[in-house]
Amino acid sequence: MPRQVYFRPIMALLLALMGGILCGSQFVGHLVGAAIIICVSATLTAYRIWHRQAGRWAPIILFAALGYASIQPWVSPRLPVGHIHSFSDETRWQIAGVVNSHPREFKYFKKFVLLADTLYYKDASYRVKGRIRVTVRGRGPEIARGDRVVFRSRLRRPRNFNNPGGFNYQRYMAFKNIWRTAYTRGDRLRVVQKDNATDLTDRLSEARRAMATLIDNSGKEPSTAVLKALLIGDRTAISPALRDKFNRAGVGHVLAISGLHIGIVAAVAFFLFQRLLRLVRPLLWKAWTHKGAAIISLFPVCFYGLISGMSPSTQRAVIMVCAFLLTFVVERERDVLNILAVAAFIILIVFPPSLFSISFQLSFMAVLSILYGMSCWQTRSIGKHTAAIGLISQARRKIMAFFLVSVLAIGGTLPLVMTYFNQISFIGLLANFIIVPLVGFGVIPCGLLALFAYPISSQLALVGVKICIYVLDGAMVVITYLADLPFAALRTFTPSVFEILCYYLLGWALLRHLASPAALSGTNSVSQQRPEAVPSASSDGHARGRPTYRRLFRLTVAGRWLSAKLAGKESALVGLAVMIVLLADAGYWVSQRYWNSDFRVTYLDVGQGNAALLELPGGATALVDGGGFSDNNSFNMGARVIAPFLLRKKILTVDTLILSHPNSDHLNGLIYIAEHFNVKSIWTNGESRTTSGFEAFQEIIKRKGYFQPDFQKLDRRQQINGVEFIVLYPPADFMTRKNSDRWRNTNNNSLVVKLTFGNVSFLFPGDIMIEAEKELVNLAGAELGCDVVLAPHHGSRSSSSQLFLNRVQPEVTVISAGWKNRFRFPHPAVLAAYQNHGCRIFRTDLNGAIRITTDGNHLTVKPFLPSEQTP
């Protein structure tokens with residue numbers, strides 16, 4: 001039986017729209033040119049439609065230009081007068097406005113979006129517009145959407161950590177139409193007016209809160225946290241450790257309500273309603289059972305989407321599933337690829353920034369990979385079909401289909417998972433084979449029945465919730481066992497965009513080759529042969545009688561011979577070419593990592609802190625400090641900033657971690673690196689602190705068995721791959737002298753390390769201040785001189801004394817400080833001192849990451865942000 005051939009013009013238009021959005025996000029502000037292109041291409045398209053001619057390239061150009069124009073309000077907005085974006089972020093304002101979103105509760109803080117309307121400063125008030133993302137730390141008053149609140153805070157502009165390949169936080173917030181952030185304490189937030197009006201959103205929120213309370217009272221974590229995520233989309237109780245377990249087991253997608261969950265709800269509802277409607281004879285006689293079941297199934301699908309919070313991934317899934325169900329009503333052939341394209345088209349037209357959403361990319365690539373891969377598998381199965389299929393064969397085919405769906409979903413999202421999560425699971429197939437049926441056909445249907453039953457009988461809902469928790473308890477045992485296996489998952493580097501494109505091209509070539517007639521030779525070869533297409537006047541869009549370049553090529557002897565040899569082998573040749581390109585790409589990265597002869601130092605932008613990556617000749621690496629905030633629960637510098645930078649450079653092993661001193665702005669970013677990267681040794685000054693960060697760092701060192709030499713026994717002069725490491729400070733007996741020398745605090749006890757490669761040297765002095773600088777000059781003498789110095793204590797006035805600068809005599813000074821930090825580092829007097837010494841000054845708050853490369857004789861400095869782009 002020949003397969004149905006579908007016409008998919010919307011796929012080309014969708015790709016054009018996506019291309020225009022991508023182009024518009026990179027090249028902003030050319031709206032006039034885009035408008036001209038839209039007018040011309042729309043006129044040409046309308047003309048060809050009117051004359052019933054092929055559209056050729058006009059529709060493609062039209063939708064590409066529309067995509068470009070549609071993203072401009074987010075990447076190049078024209079904000080109104082009085083918008084909060086124009087108000088100073090140096091002033092501590094009294095901010096008043098209305099809570100515009102349902103607050104998200106976390107363990108130590110909560111977040112909500114405020115629609116600001118008034119700013120107060122001293123005796124003046126200003127009417128304003130705009131949305132502010134507010135973070136409230138500590139306990140505070142109960143607030144709800146619609147409440148009017150007042151608090152005092154600075155208006156901070158969302159700012160990126162400007163490192164190569166870093167997360168674009170500014171764009172992320174702009175896509176949410178948020179242009180300022182504010183931070184306050186719970187005891188400083190006042191609710192001046194409660195909102196008593198209720199709408200559908202408020203009632204759904206009340207229902208979610210009631211269901212969350214019922215779930216919390218019905219069992220224990222982590223099952224209750226997982227059930228809340230599955231039923232009402234509340235993932236605030238999902239701890240990082242629990243999320244990591246799901247990711248290691250390869251079932252992390254289960255926690256986010258998406259196409260899998262909505263599709264299962266639709267399938268179960270359609271199956272049940274179809275069976276019920278078959279009992280109604282009039283509907284059965286008129287063949288309305290499928291239509292009726294599809295229409296009724298829309299209600300549980302939409303209800304599940306609404307009660308789960310309608311996150312962006314849920315919205316996309318609901319649109320696609322509803323479009324699929326409506327095909328039963330209109331009695332059209334269900335080409336799921338067309339339905340997928342329509343769903344994506346609708347989403348991108350309504351909200352173009354969805355293209356940059358992780359969930360959008362993951363969900364659509366998973367579905368596209370499944371659909372295309374299963375289509376190729378069915379083609380191959382048809383080619384091999386020789387006998388009738390019995391019950392055992394049908395069961396085998398269904399199991400194989402389920403297995404292939406998992407393989408295709410995992411394979412289709414693999415490069416995206418590597419990009420965003422840097423981890424692949426080796427047991428994902430097995431875990432999905434067990435967990436997805438349990439969750440999809442057990443927990444979710446039973447949980448939805450409990451949701452429907454809750455308004456009628458809370459006891460009946462409680463029974464349903466307890467059944468769900470019982471099933472999840474068993475599922476968690478399986479997930480924990482699988483995740484704890486040492487070979488469960490592998491940490492991966494971050495692939496480049498070029499590598500991702502090559503991967504998908506290679507996957508397409510493989511699937512196309514498996515489904516091609518050449519791959520099916522010997523099986524139904526007669527039925528698989530394709531008839532030679534008869535050229536027509538309009539088949540290729542060319543005028544009658546004018547041969548195409550392809551036809552002209554085939555008229556030559558060489559063309560006929562090459563066309564005959566390559567018939568049916570195009571995909572294999574494409575795959576071979578891509579593999580050669582990927583091998584060349586691998587060779588490039590190997591040469592960059594292990595065959596380089598230069599010494600490279602990258603001072604990372606970690607805000608108010610220090611972190612520097614050392615790349616030694618031959619591939620060895622070291623990390624000097626890791627930056628960080630006081631609480632890793634609020635923001636983990638190691639996980640969010642340093643690790644992505646390392647993985648983008650294909651660095652999975654950091655040979656040496658050097659901690660100058662155990663303050664949080666130097667230590668806390670190293671905790672994640674020590675936990676998740678291969679580390680060989682750790683250098684510290686041996687000083688301890690009673691902080692949670694330091695205790696966690698020491699626990700990891702002990703558990704992993706890292707080599708950490710005592711400071712007194714540390715070899716103070718080492719040669720590593722041609723680079724000399726010299727520990728200049730503190731003195732070996734500094735711990736015994738702390739009681740007598742009051743100035744020997746944590747900052748002044750910093751580890752000072754000098755690195756020398758050839759004739760070029762770098763100095764890392766930590767946070768030492770004037771007293772320690774004086775002692776360092778006396779101890780090190782002439783050996784203190786260097787070419788590049790990291791300004792002590794982030795450019796504080798209490799450091800960088802004249803005595804120190806006269807001895808160091810640097811050519812380049814790097815200052816690592818946070819943008820408009822509360823300490824106002826670097827101090828103007830310090831900047832003037834370095835300028836008077838003729839130093840070239842680079843700052844991470846202005847220039848972002850600063851990369852310095854040397855061959856041992858010359859220096860090359862490359863800031864991430866050139867001076868003309870600094871904020």
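Start by selecting leucine 763: its bridge partner in strand E20 is valine 789. Strands here, and helices too, are DSSP runs numbered from the N terminus, with at least two residues for a strand (E) and at least four for a helix (H or I). What you have open is a predicted model, where local features need pLDDT of at least 70 and side-chain atom pairs count only at pLDDT 80 or more, while totals for chains, interfaces and linings use all residues. Residues are numbered from 1 along each chain as its sequence is written, and side-chain values use heavy atoms, leaving out hydrogens and water.

**Stop 1: around leucine 763**

Widen your selection to strand E19 (residues 760-764) and strand E20 (residues 788-790), which run parallel and are joined by two bridges. That is enough to call them a pair, since two strands pair if DSSP finds at least two bridges between them.

Now bring in the rest of the sheet. It is an open one of seven strands, ordered E16-E17-E18-E19-E20-E21-E22, with mixed pairing. Which strands stand at the edges? They are strand E16 (717-720) and strand E22 (840-843); each has a single partner strand, so one side of each is left without a neighbour in the sheet. Look along the sheet for its twist: neighbouring strands are turned by 20° against each other on average, direction ignored. For angles like this, axes are lines fitted to C-alpha atoms (for helices, over the stretch in contact), and the angles run from 0 to 180 degrees between N-to-C directions.

Next, pick helix H25 (residues 770-780), which packs on this sheet and touches strand E17 (723-729) and strand E18 (752-757). Touching, or contact, means heavy atoms within 4.5 Å. The direction of H25 makes about 125° with that of E17. Then try helix H27 (residues 828-836): H27 lies across E20, strand E21 (812-815) and E22, and runs at about 145° to E22.

**Stop 2: another seven-stranded sheet**

Select the strands in the order E15-E14-E13-E12-E11-E23-E24, and you have an open sheet of seven with mixed pairing. Its edge strands are strand E15 (678-683) and strand E24 (859-863), each pairing on one side only. Neighbouring strands in this sheet are turned by 20° against each other on average, with direction ignored.

For a closer look, zoom in on strand E13 (residues 621-626) and strand E14 (residues 653-658), which pair in the parallel sense over three bridges. Click on alanine 622 and you'll find its bridge partner in E14, threonine 656.

**Stop 3: strand E3 and its partners**

Jump to strand E3 (residues 109-121), which pairs with strand E1 (residues 92-99) in the antiparallel sense over six bridges. Alanine 96 has threonine 118 in E3 as its bridge partner. Keep threonine 118 selected, because you can also find it opposite arginine 127 in E4.

Strand E4 (residues 124-127) runs antiparallel to E3, with four bridges joining them. The two form a hairpin with two residues between them, and lysine 122 in the turn has a positive phi of about 55°.

There is another hairpin here: E2 and E3, with three residues between them. Strand E2 (residues 104-105) pairs with E3 in the antiparallel sense over two bridges, and glutamate 105 has lysine 110 in E3 as its bridge partner. To finish this stop, add strand E5 (residues 131-137), which runs antiparallel to E3 with seven bridges between them. Lysine 111 stands opposite threonine 135 in E5.

**Stop 4: asparagine 422**

Go to the loop between helix H14 (391-420) and strand E9 (423-425), and select asparagine 422. Is asparagine 422 buried or exposed? It counts as buried, at 7% relative accessibility; buried means under 20% relative accessible area, exposed over 50%, and partly exposed in between, using a 1.4 Å probe and protein chains only.

Leaving aside residues up to four places away in sequence, asparagine 422 touches Val417, Leu490, Arg491, Thr492, Phe493, Thr494 and Leu647. Show the side chains of asparagine 422 and threonine 494 to see a polar contact of 2.7 Å between them. A polar contact is a pair of N or O atoms within 3.5 Å; within protein, one must be able to donate a hydrogen and the other to accept it, and residues adjacent in sequence count only if both atoms are side-chain atoms.

**Last stop: zoom out**

Show the whole chain, which has 28 helices and 24 strands. Its C-alpha atoms fill a box of roughly 100 × 80 × 60 Å along the principal axes. Buried residues make up 46% of the 871 residues. Of the contacts between residues at least 6 apart in sequence, 72% join residues at least 24 apart.
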